[in-house]
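Grab a pencil and keep the viewer open. Here are a few short exercises, each with a worked solution.

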Amino acid sequence: MTEPLPPSRLPAGHVAGQPLTALAPMQDVTDLAFMRVVAHYGAPDYFFTEFLRVHAQSRPEKHILRSIDENTTGRPIFAQLIGEDLGHLARTAAELLKHPIAGIDLNLGCPAPKVYKKNVGGGLLRDPGKVAEILATLRAAVPGLFTVKMRIGFDDTARFAELLALINEHRVDLLSVHGRTVKEMYRSDVHYDFIAHAVARVRCPVLANGNVTSAARAAAIVGETRAAGVMIGRHAIRNPWIFRQCREQFAGAPPLRLTLADVRDYIARLYQATANVDFPERAHVNKMKKYLNFVGQSVDPTGAFLHDMRRTETEAELFAVCDRHLLADGADACEFSPEPYPGVIARPNCETPGAVADGCSLETITA
Ligand SMILES: Cc1cc2nc3c(=O)[nH]c(=O)nc-3n(C[C@H](O)[C@H](O)[C@H](O)COP(=O)(O)O)c2cc1C
């Protein structure tokens, strides 16, 4: 593979002058298939890979490399690392620089106890000294763009200002801020005032992350925080048109309205994209249910689609439920709600006892 030239400035967004949009990194979600499906409905300005684990024995995971090497979305992709060993972080960054990435991103936010107990991801926010060493190492190892995704603290926000000073000191090129502490997991309100504080303090552009549920909310959050753009995770699983709708909203045009029939098309495309010869039908259907947990939050206010969808075991049963709820008489005129319906909660979710144990996985984070 020929070595791409590392870029030294952020790639331009789709539309000059508009706030940026990014698909948030999501383990077991933002793989090649999902990114291609999202791109079909309107790509964000930037993609981020799932995190690549870095330790003494690690080698970049093949399926994540594939999402970089075979990226046909037309948009740049940043490779995210999670780890704390300085030498192996530098080694992994050097390996990744041989692939067509836009830059290297460092995970300072994963709230899964089994992750933070190893002092990686969100666990590092307890130790600004170690964060400083990692930032210095990666800044020296990455000649192009070096970006960070962080939460606003571990137990509390007492060290946020100190952490932001390190972002400046080590010349980070882009900072994504999920406006919750590690201990707040996915539960609390998002503290957009802390994102606004980061925007005011750091020299690099900031992406606001956390509960950006719709194009209208994206515009409001950019207005409130003055962030350079938004990073969207779970609500892009629910609504992959959201990046296109953001561009429309930012341009002052009405965002595309979606019908339940459009959503039937999305589900079929996702099923096809995630098919794999080694994947038995039952496992494939189960994987689909994890995406559909989010989709169902905008299908009907009673949660009837979610109820029926969860009971399917075969492709035929799954699509029969989709047809019944999404293609019934008049469904092509029925709106797919731009916001999740209040009270329609995907299960299991991070409020379910025991579910927090695993943190970053579709099994547990579906609220
Ligand atoms: C299933 C899942 C997997 C995630 N995996 C990662 C990850 O690999 N790296 C990361 O920085 N954040 C990860 N996150 C956190 C998201 O990037 C994002 O910060 C969080 O979901 C809040 O944004 P949202 O409200 O738009 O979903 C994950 C979140 C979910 C739901």
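Two strands count as paired if DSSP finds at least two bridges between them. Keep in mind that this model is predicted.

**Exercise 1. Work out the order of the strands in the open sheet, and find its edge strands.**

Solution. Start by walking across the sheet: its 8 strands run in the order β1-β8-β7-β6-β5-β4-β3-β2, and the pairing is parallel. Next, look for strands that pair on one side only; these are β1 (20-23) and β2, the edge strands. Last, check the twist: on average, neighbouring strands are turned by 25° against each other, ignoring direction.

**Exercise 2. Zoom in on β6 and β7: over how many bridges do they pair?**

Solution. β6 (residues 174-178) and β7 (residues 206-209) share 4 bridges, in the parallel sense. Within this region, Val 177 sits opposite Ala 208 of β7. Now add the helix: α7 (residues 192-201) packs on the sheet and touches both β6 and β7. The direction of α7 makes about 175° with that of β7.

**Exercise 3. Decide whether Leu 52 is buried or exposed, and list what it touches.**

Solution. First, place the residue: Leu 52 belongs to strand β2 (residues 47-53). Then count neighbours. The cut-off for buried is 20 or more other C-beta atoms within 10 Å. Leu 52 has 24, so it is buried. Leaving aside residues up to four places away in sequence, Leu 52 touches Pro 60, Glu 61, Ile 64, Ala 79, Gln 80, Leu 81 and Thr 92.

**Exercise 4. Which residues of α2 are buried, and which exposed residues does the opposite face carry?**

Solution. Begin with the buried set of α2 (residues 62-69): Ile 64, Leu 65, Ser 67 and Ile 68. They span an arc of only 155° around the axis, so they lie on the same side of α2. A general point helps here: an α-helix has 3.6 residues a turn, so residues three or four places apart point the same way. The face turned away from that buried side carries the exposed Lys 62 and His 63. As for partners, the buried residues of α2 pack against α1, β2 and β3 (77-82).

**Exercise 5. Describe the contact between the two domains.**

Solution. Split the chain into domain 1 (20-250) and domain 2 (260-357). Their contact takes 16 residues from domain 1 and 17 residues from domain 2. On the domain 1 side, α1 (32-42) and α9 (234-238) each supply at least two residues. α1 gives the most, with 5 residues. By type, that side of domain 1 divides into 8 nonpolar, 4 polar and 4 charged residues.

How values were computed
Residues numbered from 1 in each chain as written. Predicted model: local features only at pLDDT ≥ 70, side-chain atom pairs only at ≥ 80, totals over all residues. Buried ≥ 20, exposed ≤ 12 C-beta atoms within 10 Å, placed from the backbone. Contact = placed C-beta atoms within 7 Å. Domains from an automatic or database assignment. Nonpolar A, V, L, I, M, F, W, Y, C, P; charged D, E, K, R; others polar. Arc of directions from axis to C-beta. Axes fitted to C-alpha atoms, helices over the stretch in contact; angles between N-to-C directions.
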